[in-house]
Amino acid sequence: MNSEYSPLLPSSSSTASDATIRSAKNKDFRKPEKVKMGVEVLGFKITEDFKVLGLVREIMAEFLGTFYLIFIGCGGVGGAQILQKVTNKDQLGSFTPSSAVVLQIAFAFGLGIGAAVHLFSDISGGQFNPAVSFGLFFARQLSLVKAAIFSVVQLIGGLVAGGILSAMLGWCPGAVEVAGSIDTASAFFIEFFGTLFLVLTVLSTTNSERKQAASYLQPLSIGIAIFVLHMFLVPTTGCGLNPARSLVTNIIEDKLDSQFLVYIFGPLLASLVGGLLYEFLFSPHYRQETKSERSVVYVNNTPN
(Lines give C-alpha, C1' and ligand atoms only; values in the text may rest on other atoms or scores of the structure.)
Protein backbone atom coordinates (compact mmCIF):
# COMPACT_ATOMS: atom_id res chain seq x y z
CA MET A 1 0.00 0.00 0.00
CA ASN A 2 1.36 3.40 -0.96
CA SER A 3 2.06 5.36 2.21
CA GLU A 4 1.83 8.70 0.39
CA TYR A 5 -1.83 8.34 -0.46
CA SER A 6 -4.62 6.21 0.95
CA PRO A 7 -8.17 6.40 -0.36
CA LEU A 8 -9.42 5.43 3.09
CA LEU A 9 -7.86 8.42 4.90
CA PRO A 10 -8.75 12.00 3.91
CA SER A 11 -5.85 14.29 3.20
CA SER A 12 -5.52 17.65 4.95
CA SER A 13 -6.47 19.47 1.73
CA SER A 14 -9.67 17.45 1.30
CA THR A 15 -10.60 18.11 4.95
CA ALA A 16 -10.25 21.87 4.43
CA SER A 17 -12.30 21.64 1.24
CA ASP A 18 -15.08 19.75 3.03
CA ALA A 19 -15.14 22.37 5.78
CA THR A 20 -15.49 25.11 3.18
CA ILE A 21 -18.38 23.29 1.51
CA ARG A 22 -20.15 22.74 4.85
CA SER A 23 -19.70 26.42 5.71
CA ALA A 24 -21.16 27.44 2.36
CA LYS A 25 -24.14 25.12 2.84
CA ASN A 26 -24.86 26.56 6.28
CA LYS A 27 -24.75 30.14 5.00
CA ASP A 28 -28.02 31.63 3.81
CA PHE A 29 -27.12 33.63 0.73
CA ARG A 30 -30.65 35.02 0.54
CA LYS A 31 -30.01 37.19 3.59
CA PRO A 32 -28.02 40.34 2.75
CA GLU A 33 -24.90 40.96 4.78
CA LYS A 34 -25.19 43.70 7.39
CA VAL A 35 -22.51 46.38 7.14
CA LYS A 36 -21.26 46.96 10.69
CA MET A 37 -20.34 50.60 11.25
CA GLY A 38 -22.38 51.62 14.28
CA VAL A 39 -20.90 54.53 16.27
CA GLU A 40 -22.58 56.30 19.19
CA VAL A 41 -21.64 59.39 21.18
CA LEU A 42 -23.49 59.88 24.49
CA GLY A 43 -26.23 57.59 23.21
CA PHE A 44 -26.72 59.58 19.99
CA LYS A 45 -26.22 57.46 16.90
CA ILE A 46 -23.63 58.90 14.52
CA THR A 47 -23.61 55.91 12.17
CA GLU A 48 -25.46 52.61 12.44
CA ASP A 49 -25.28 49.09 11.08
CA PHE A 50 -27.24 48.70 7.87
CA LYS A 51 -28.00 46.33 5.03
CA VAL A 52 -27.25 47.75 1.61
CA LEU A 53 -30.51 46.60 0.04
CA GLY A 54 -32.47 47.78 3.06
CA LEU A 55 -30.86 51.23 2.86
CA VAL A 56 -31.71 51.44 -0.85
CA ARG A 57 -35.35 50.63 -0.03
CA GLU A 58 -35.43 53.35 2.64
CA ILE A 59 -33.92 55.89 0.26
CA MET A 60 -36.48 55.07 -2.43
CA ALA A 61 -39.31 55.30 0.13
CA GLU A 62 -38.15 58.76 1.25
CA PHE A 63 -37.73 59.87 -2.37
CA LEU A 64 -41.21 58.74 -3.42
CA GLY A 65 -42.87 59.91 -0.20
CA THR A 66 -41.47 63.43 -0.56
CA PHE A 67 -42.24 63.38 -4.28
CA TYR A 68 -45.93 62.77 -3.50
CA LEU A 69 -45.90 65.27 -0.65
CA ILE A 70 -44.99 67.98 -3.16
CA PHE A 71 -46.98 66.59 -6.07
CA ILE A 72 -50.23 66.19 -4.09
CA GLY A 73 -49.83 68.98 -1.51
CA CYS A 74 -48.45 71.70 -3.75
CA GLY A 75 -50.59 70.32 -6.57
CA GLY A 76 -53.58 71.02 -4.32
CA VAL A 77 -52.38 74.62 -4.03
CA GLY A 78 -52.17 74.78 -7.82
CA GLY A 79 -55.69 73.40 -8.14
CA ALA A 80 -56.98 76.06 -5.77
CA GLN A 81 -55.21 78.77 -7.76
CA ILE A 82 -56.69 77.51 -11.02
CA LEU A 83 -60.17 77.55 -9.47
CA GLN A 84 -59.50 81.20 -8.58
CA LYS A 85 -58.85 81.92 -12.29
CA VAL A 86 -55.05 81.96 -12.01
CA THR A 87 -53.95 80.69 -15.40
CA ASN A 88 -50.33 81.85 -15.58
CA LYS A 89 -47.40 82.81 -13.38
CA ASP A 90 -47.97 86.55 -13.78
CA GLN A 91 -51.37 86.32 -12.08
CA LEU A 92 -50.04 84.73 -8.86
CA GLY A 93 -49.56 88.12 -7.21
CA SER A 94 -53.32 88.70 -7.25
CA PHE A 95 -54.09 85.34 -5.63
CA THR A 96 -55.45 85.73 -2.09
CA PRO A 97 -56.51 82.47 -0.40
CA SER A 98 -60.03 82.53 1.01
CA SER A 99 -61.19 80.33 3.89
CA ALA A 100 -62.40 77.71 1.43
CA VAL A 101 -59.05 77.76 -0.38
CA VAL A 102 -57.14 77.36 2.89
CA LEU A 103 -59.37 74.39 3.72
CA GLN A 104 -58.68 72.83 0.31
CA ILE A 105 -54.91 73.26 0.77
CA ALA A 106 -55.07 71.82 4.30
CA PHE A 107 -56.94 68.76 3.04
CA ALA A 108 -54.46 68.26 0.18
CA PHE A 109 -51.42 68.33 2.46
CA GLY A 110 -53.01 66.56 5.45
CA LEU A 111 -54.57 63.66 3.56
CA GLY A 112 -51.70 63.43 1.05
CA ILE A 113 -49.02 63.19 3.73
CA GLY A 114 -51.14 60.82 5.82
CA ALA A 115 -51.51 58.48 2.85
CA ALA A 116 -47.79 58.67 2.03
CA VAL A 117 -46.88 57.88 5.66
CA HIS A 118 -49.22 54.88 5.53
CA LEU A 119 -47.51 53.72 2.33
CA PHE A 120 -43.89 53.97 3.46
CA SER A 121 -43.79 54.11 7.28
CA ASP A 122 -42.91 50.42 7.61
CA ILE A 123 -39.94 50.89 5.25
CA SER A 124 -38.28 54.19 6.17
CA GLY A 125 -40.49 55.57 8.92
CA GLY A 126 -42.32 57.91 6.52
CA GLN A 127 -40.32 61.03 7.41
CA PHE A 128 -40.35 63.15 4.21
CA ASN A 129 -39.05 66.15 6.16
CA PRO A 130 -35.50 67.02 7.30
CA ALA A 131 -36.94 68.47 10.52
CA VAL A 132 -38.54 65.09 11.30
CA SER A 133 -35.39 63.17 10.33
CA PHE A 134 -33.17 65.27 12.59
CA GLY A 135 -35.85 65.19 15.30
CA LEU A 136 -35.53 61.40 15.25
CA PHE A 137 -31.75 61.79 15.53
CA PHE A 138 -32.01 64.06 18.58
CA ALA A 139 -34.49 61.58 20.06
CA ARG A 140 -31.77 58.92 19.59
CA GLN A 141 -33.87 56.88 17.16
CA LEU A 142 -31.95 57.56 13.93
CA SER A 143 -28.28 58.00 13.11
CA LEU A 144 -26.87 61.37 12.08
CA VAL A 145 -25.60 59.93 8.79
CA LYS A 146 -29.01 58.51 7.90
CA ALA A 147 -30.76 61.75 8.82
CA ALA A 148 -28.39 63.64 6.50
CA ILE A 149 -28.82 61.10 3.67
CA PHE A 150 -32.61 61.15 3.99
CA SER A 151 -32.65 64.97 4.01
CA VAL A 152 -30.75 65.12 0.72
CA VAL A 153 -33.01 62.46 -0.81
CA GLN A 154 -36.11 64.32 0.38
CA LEU A 155 -34.88 67.50 -1.31
CA ILE A 156 -34.17 65.64 -4.55
CA GLY A 157 -37.58 63.93 -4.53
CA GLY A 158 -39.27 67.26 -3.92
CA LEU A 159 -37.32 68.99 -6.70
CA VAL A 160 -38.38 66.30 -9.18
CA ALA A 161 -42.04 66.72 -8.22
CA GLY A 162 -41.78 70.52 -8.25
CA GLY A 163 -40.16 70.43 -11.68
CA ILE A 164 -42.97 68.26 -13.04
CA LEU A 165 -45.63 70.59 -11.58
CA SER A 166 -43.85 73.60 -13.04
CA ALA A 167 -43.69 71.95 -16.47
CA MET A 168 -47.39 71.05 -16.40
CA LEU A 169 -48.86 74.24 -14.88
CA GLY A 170 -46.33 76.86 -15.96
CA TRP A 171 -45.38 77.64 -12.34
CA CYS A 172 -44.55 75.69 -9.18
CA PRO A 173 -47.44 76.25 -6.75
CA GLY A 174 -46.91 76.45 -3.01
CA ALA A 175 -44.02 78.91 -2.71
CA VAL A 176 -43.97 80.19 0.87
CA GLU A 177 -43.79 83.84 1.90
CA VAL A 178 -44.48 85.78 5.07
CA ALA A 179 -47.71 87.75 5.12
CA GLY A 180 -47.32 91.51 5.10
CA SER A 181 -48.87 91.86 8.57
CA ILE A 182 -46.35 89.41 10.12
CA ASP A 183 -42.81 90.48 11.02
CA THR A 184 -39.79 88.19 10.57
CA ALA A 185 -39.44 87.30 14.26
CA SER A 186 -43.10 86.35 14.51
CA ALA A 187 -42.81 84.25 11.35
CA PHE A 188 -39.81 82.44 12.82
CA PHE A 189 -41.69 81.47 15.99
CA ILE A 190 -44.81 80.50 14.04
CA GLU A 191 -42.72 78.09 11.96
CA PHE A 192 -40.84 76.92 15.07
CA PHE A 193 -43.90 76.12 17.19
CA GLY A 194 -45.77 74.60 14.24
CA THR A 195 -42.88 72.28 13.40
CA LEU A 196 -42.38 71.46 17.09
CA PHE A 197 -45.99 70.24 17.25
CA LEU A 198 -45.41 68.11 14.16
CA VAL A 199 -42.13 66.62 15.45
CA LEU A 200 -43.66 65.74 18.83
CA THR A 201 -46.63 64.15 17.05
CA VAL A 202 -44.31 61.99 14.93
CA LEU A 203 -42.18 60.94 17.92
CA SER A 204 -45.28 60.10 19.94
CA THR A 205 -46.89 57.97 17.25
CA THR A 206 -43.65 56.10 16.46
CA ASN A 207 -42.94 55.28 20.12
CA SER A 208 -42.92 51.46 20.23
CA GLU A 209 -43.39 51.51 24.02
CA ARG A 210 -46.89 52.97 23.65
CA LYS A 211 -48.42 49.51 23.39
CA GLN A 212 -52.00 50.71 23.45
CA ALA A 213 -51.53 52.83 20.31
CA ALA A 214 -52.83 51.18 17.14
CA SER A 215 -50.57 51.21 14.08
CA TYR A 216 -53.08 53.12 11.95
CA LEU A 217 -52.87 56.07 14.35
CA GLN A 218 -49.47 57.10 12.98
CA PRO A 219 -50.62 58.27 9.52
CA LEU A 220 -53.93 59.49 10.94
CA SER A 221 -52.32 61.56 13.72
CA ILE A 222 -49.67 63.03 11.42
CA GLY A 223 -52.26 63.85 8.77
CA ILE A 224 -54.48 65.60 11.33
CA ALA A 225 -51.50 67.56 12.70
CA ILE A 226 -50.58 68.73 9.19
CA PHE A 227 -54.22 69.61 8.47
CA VAL A 228 -54.77 71.80 11.55
CA LEU A 229 -51.37 73.50 11.22
CA HIS A 230 -52.21 74.55 7.65
CA MET A 231 -55.40 76.20 8.86
CA PHE A 232 -53.30 78.66 10.91
CA LEU A 233 -50.00 78.85 9.02
CA VAL A 234 -51.20 79.20 5.40
CA PRO A 235 -52.53 82.76 5.94
CA THR A 236 -49.49 83.82 8.02
CA THR A 237 -46.33 82.17 6.67
CA GLY A 238 -47.61 79.99 3.84
CA CYS A 239 -47.01 76.95 6.10
CA GLY A 240 -43.48 75.69 5.51
CA LEU A 241 -42.88 73.27 8.44
CA ASN A 242 -40.46 71.41 6.19
CA PRO A 243 -37.12 72.82 4.91
CA ALA A 244 -37.17 70.51 1.88
CA ARG A 245 -40.72 71.48 0.89
CA SER A 246 -39.96 75.21 1.31
CA LEU A 247 -36.66 75.02 -0.57
CA VAL A 248 -38.21 73.14 -3.49
CA THR A 249 -40.98 75.61 -4.25
CA ASN A 250 -38.93 78.75 -3.60
CA ILE A 251 -35.88 77.57 -5.53
CA ILE A 252 -37.99 76.81 -8.58
CA GLU A 253 -39.90 80.08 -8.25
CA ASP A 254 -36.71 82.05 -7.43
CA LYS A 255 -38.06 83.44 -4.15
CA LEU A 256 -35.07 83.09 -1.81
CA ASP A 257 -35.02 86.39 0.06
CA SER A 258 -33.65 87.15 3.54
CA GLN A 259 -36.95 86.21 5.22
CA PHE A 260 -36.71 82.72 3.75
CA LEU A 261 -34.25 81.74 6.49
CA VAL A 262 -37.18 81.43 8.92
CA TYR A 263 -38.32 78.39 6.91
CA ILE A 264 -34.94 76.70 7.45
CA PHE A 265 -33.85 77.63 10.98
CA GLY A 266 -37.32 77.62 12.55
CA PRO A 267 -38.08 73.97 11.67
CA LEU A 268 -34.49 72.80 12.34
CA LEU A 269 -34.51 74.39 15.80
CA ALA A 270 -37.85 72.66 16.41
CA SER A 271 -36.27 69.32 15.48
CA LEU A 272 -33.55 69.89 18.09
CA VAL A 273 -35.94 71.00 20.85
CA GLY A 274 -38.60 68.41 19.99
CA GLY A 275 -36.17 65.49 19.83
CA LEU A 276 -34.46 66.31 23.12
CA LEU A 277 -37.73 67.20 24.84
CA TYR A 278 -39.40 63.92 23.91
CA GLU A 279 -36.37 61.71 24.58
CA PHE A 280 -35.46 63.11 28.00
CA LEU A 281 -38.82 64.34 29.36
CA PHE A 282 -41.69 62.34 27.88
CA SER A 283 -40.16 59.04 26.76
CA PRO A 284 -38.92 58.05 30.27
CA HIS A 285 -42.58 57.93 31.36
CA TYR A 286 -43.20 54.97 29.03
CA ARG A 287 -39.95 53.26 29.99
CA GLN A 288 -40.84 53.49 33.69
CA GLU A 289 -44.34 52.23 32.96
CA THR A 290 -42.96 49.24 31.06
CA LYS A 291 -40.47 48.53 33.85
CA SER A 292 -43.21 48.63 36.51
CA GLU A 293 -45.33 46.22 34.45
CA ARG A 294 -42.45 43.75 34.34
CA SER A 295 -41.97 43.95 38.11
CA VAL A 296 -45.58 42.97 38.91
CA VAL A 297 -45.78 39.58 40.69
CA TYR A 298 -48.78 37.46 39.68
CA VAL A 299 -50.44 35.19 42.24
CA ASN A 300 -53.35 32.98 41.14
CA ASN A 301 -53.41 34.80 37.79
CA THR A 302 -53.98 38.17 39.48
CA PRO A 303 -51.44 40.96 39.97
CA ASN A 304 -50.14 41.26 43.51
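A pocket is an open set of grid points with protein on both sides within 12 Å along at least five of seven lines, and its lining residues have an atom within 4 Å of a point. With that in hand, let's look at this predicted model. Its second largest pocket is lined by 13 residues, its largest nonpolar core holds 50 residues, and a search of the whole structure finds zero disulfides.

**The second largest pocket**
- This pocket has a volume of about 200 Å³.
- Nearest its centre lie S124, Q127, L136, Q141 and L142.
- Its lining is made up of six polar, four nonpolar and three charged residues.

**The largest nonpolar core**
- In soluble globular proteins, nonpolar side chains tend to be buried together.
- Within this core, the residues that touch the most other members are I70, F109, I113 and I222.
- At least two core residues come from each of α2 (52-83), α3 (99-124), α4 (130-138), α5 (144-169), α6 (184-205), α7 (217-236) and α9 (262-294).
- The helix α3 gives the largest share, eight residues.
- Setting aside neighbours within four places in sequence, I113 is in contact with L69, I222 and I226.

**Two cysteines without a bond**
- Why does C74 form no disulfide? The closest cysteine sulfur, in C172, is 5.8 Å from the sulfur of C74, so the two are too far apart for a bond; a disulfide needs the sulfur atoms within 2.5 Å.
- C172 is likewise in no disulfide, with the sulfur of C74 as its nearest cysteine sulfur.
- Are these cysteines buried or exposed? C74 counts as buried because its relative accessibility is 0%, and C172 also counts as buried, at 2%.

Note on methods: Residues numbered from 1 in each chain as written. Predicted model: local features only at pLDDT ≥ 70, side-chain atom pairs only at ≥ 80, totals over all residues. Heavy atoms only, no water. 1 Å grid on protein atoms, 1.4 Å probe; cavity = no way out; pocket = protein on both sides within 12 Å on 5 of 7 lines; lining within 4 Å. Points joined across faces, edges and corners; volume = space filled by probe spheres on them. Nonpolar A, V, L, I, M, F, W, Y, C, P; charged D, E, K, R; others polar. Core = buried A, V, L, I, M, F, W, Y, C linked by side-chain atoms within 4.5 Å. Buried < 20%, exposed > 50% of the residue type's maximum accessible area, 1.4 Å probe, protein only. Helix = DSSP H or I, 4+ residues; strand = E, 2+ residues; numbered from the N terminus. Contact = heavy atoms within 4.5 Å.
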